[in-house]
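Welcome! Let's walk through this model together, one question at a time.

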Amino acid sequence: MIPGGGQPNMQQLLQQAQKMQQDLANAQEELARTEVDGQAGGGLVKATVTGAGELRALKIDPKAVDPDDTETLADLIIAAVHAANENAQTLQQQKLGPLAQGLGGGSGIPGLPF
């Protein structure tokens, strides 16, 4: 209900929407710059991804490399990248969640993971 029964101030609503859009863009840029890690095999394999989920680095301890068992190494790599992506999703929810709620709850907004 609008106080006094008047019409909403369209200029004010437009400014609020533009500010929320800018805040969302700023948060997405920050996520693209922020790096998070994931690891597997007790740290034998470490993956670094951005908050947006882009793989940036992969470190493999020489102890994890067995030429006769490349499947285990592949599994460790997948697990490390998966863990890093889970950390990136948590970061996304922390950064974008409050903004998405301000835009109507977040569900149904293209490009948001929640």
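Q: Which residues is Thr 48 in contact with, leaving aside its neighbours within four places in sequence?
A: This is a predicted model, in which local features need pLDDT of at least 70 and side-chain atom pairs count only at pLDDT 80 or more, while totals for chains, interfaces and linings use all residues. Residues are numbered from 1 along each chain as its sequence is written, and side-chain values use heavy atoms, with hydrogens and water left out. Contact here means heavy atoms within 4.5 Å. With those sequence neighbours set aside, the partners of Thr 48 are Glu 35, Val 36, Asp 37, Glu 54, Leu 55, Arg 56 and Ala 57.

Q: Is Thr 48 buried or exposed?
A: Thr 48 sits in strand β2, residues 45-50 (helices, H or I of at least four residues, and strands, E of at least two, are DSSP runs numbered from the N terminus). Buried means under 20% relative accessible area, exposed over 50%, and partly exposed in between, using a 1.4 Å probe and protein chains only. Because its relative accessibility is 14%, Thr 48 counts as buried.

Q: Which residue's side chain shares a polar contact with that of Thr 48?
A: A polar contact is a pair of N or O atoms within 3.5 Å; within protein, one must be able to donate a hydrogen and the other to accept it, and residues adjacent in sequence count only if both atoms are side-chain atoms. At 2.6 Å, the side chain of Thr 48 makes such a contact with that of Asp 37.

Q: How many bridges join β1 to β2?
A: Two strands pair if DSSP finds at least two bridges between them. One pairing here places Lys 46 of β2 as the bridge partner of Gln 39. β1 and β2 run antiparallel, and the number of bridges joining them is six.

Q: Which strand pairs with β2 over five bridges?
A: Ala 47 stands opposite Leu 58 in this partner strand. The hairpin has four residues between its strands, and Gly 53 in the turn has a positive phi of about 95 degrees. The pairing is antiparallel, and the partner, residues 55-60, is β3.

Q: What is the C-alpha to C-alpha distance between Ala 80 and Gln 39?
A: Ala 80 belongs to helix α2, and it is buried because its relative accessible area is 0%. Its contacts beyond four places in sequence include Gln 39 and Lys 46. Ala 80 and Gln 39 are 41 residues apart in sequence, yet their C-alpha to C-alpha distance is 4.3 Å.
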